[in-house]
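Let's walk through this structure together, one neighbourhood at a time. Keep the 3D view open and turn it as you read.

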Amino acid sequence: MAAPVFFKHKGSELYATVDALNKLSTERAADMTSRVMNEVAEGVQLTKHERKSLAKKFERKDVQVVMDGLSYVVERFGYFSASQEQVQTELESLGVVDAALEGILDAWRQNSKRFFSQLRAHDLGGPSVLKNVTYDTQLRMLSDDAQPEHTPNTVLQLHMNGDGLDGGEEKLTLGFDHAQLYSFFQQIDSIQHAIDGMTAKKGKE
């Protein structure tokens, strides 16, 4: 089975985070990871005062960099519903070692079940479902005294409902000109091809 690609772009900022993480003790890495997992799952951020307190506690001036980088890592793990083994493999591939690796894995082992449960519940209180799509096409006039021009314009309206909307409906309105609409559907087509590829691979396993 092919492993998901958690980190397609491993830039300098991510490696700077790894360097900072590797200087933490097991206890501090676990503490920081637990805090970040709670932040990500609840969709909230620590206040400036709380971060200053953390910086003092961890005796690190770069605690903001570490927290931001670790948040990105945790978000990716959450997106892929990573298992304990996948988390360890990916962290090792990034270069996280020794005490920091042990601390992050300890935090993940203890908090991952609650973390995934919170992620699901936090998504607008429950999953929203696309129920219907409506659209309207219009001709938008571009003001040009010499040669007035009418440009096609499309408005898509996505009708959503779900647990988080208290049984009601939410409408998401998107406006596109011709080029934007073409680009949008190209992206949708790319997503569809990616899903088809994943489905095909899963069927062969």
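Start at Gly95 in this predicted model. Once its neighbours within four places in sequence are set aside, Gly95 is in contact with Val18 and Asn22. Val18 is 77 residues away from Gly95 along the sequence, yet their C-alpha atoms lie 6.7 Å apart. You will find Gly95 in the loop between α5 (84-94) and α6 (98-122). Is this glycine buried or exposed? Gly95 counts as partly exposed, because its relative accessible area of 28% falls between the cut-offs of 20% and 50%.

Now step back for the overall layout. The protein holds 7 helices and 3 strands, and read along the sequence they follow the pattern α-α-α-α-α-α-β-β-β-α. Of its 205 residues, 30% are buried. The accessible surface comes to about 13800 Å², with 52% of it belonging to carbon and sulfur atoms. If you take the contacts between residues at least 6 apart in sequence, 63% of them join residues at least 24 apart.

Before zooming in again, a word on confidence. The average pLDDT for the protein is 77, and 73% of the residues score at least 70. Helix α5 has the highest confidence, at a mean of 91, whereas helix α3 (residues 48-58) has the lowest, at 71. Where pLDDT is low, the predicted coordinates should not be read in detail.

Next, look inside. Which residues have the most contacts within the largest nonpolar core? They are Val74, Leu91, Trp108 and Phe115, in a core of 31 residues. At least two residues of this core come from each of α1 (12-21), α2 (26-42), α4 (63-79), α5 and α6.

Trp108 is a good place to pause. This tryptophan sits in helix α6 and is buried, because its relative accessible area of 2% is under the 20% cut-off. Beyond its neighbours within four places in sequence, Trp108 is in contact with Met37, Val74, Phe77, Gly78, Ala82, Ser83, Gln84, Val87, Phe115 and Phe116. For one of these, Val87, the C-alpha atom is 8.3 Å from that of Trp108, with the two positions 21 residues apart along the chain.

From Trp108, move across to Val74. With neighbours within four places in sequence again left aside, Val74 is in contact with Val36, Met37, Val40, Trp108 and Phe115. Val74 is among the buried residues of α4, along with Val63, Val66, Met67, Gly69, Leu70, Ser71, Val73, Phe77 and Gly78. An α-helix has 3.6 residues a turn, so residues three or four places apart point the same way. The length of α4 can be checked too: its 17 residues should span 24 Å at 1.5 Å a residue, and the end C-alpha atoms are indeed 24 Å apart. After α4 comes Ser81, with a positive phi near 50 degrees.

Three of the contacts of Val74, namely Val36, Met37 and Val40, lead you to α2, where they are listed as buried. The other buried residues of α2 are Ala29, Ala30, Met32, Thr33, Glu39 and Ala41. Helix α2 has 17 residues and reaches 24 Å from its first C-alpha to its last, close to the expected 24 Å. Following α2 is Gly43, whose phi is positive, near 70 degrees.

Key. Residues numbered from 1 in each chain as written. Predicted model: local features only at pLDDT ≥ 70, side-chain atom pairs only at ≥ 80, totals over all residues. Heavy atoms only, no water. Helix = DSSP H or I, 4+ residues; strand = E, 2+ residues; numbered from the N terminus. Buried < 20%, exposed > 50% of the residue type's maximum accessible area, 1.4 Å probe, protein only. Contact = heavy atoms within 4.5 Å. Core = buried A, V, L, I, M, F, W, Y, C linked by side-chain atoms within 4.5 Å. Expected span 1.5 Å × (residues − 1). pLDDT = per-residue confidence, 0-100. Areas by Shrake-Rupley, 256 points an atom, 1.4 Å probe, with all protein chains shown as cover.
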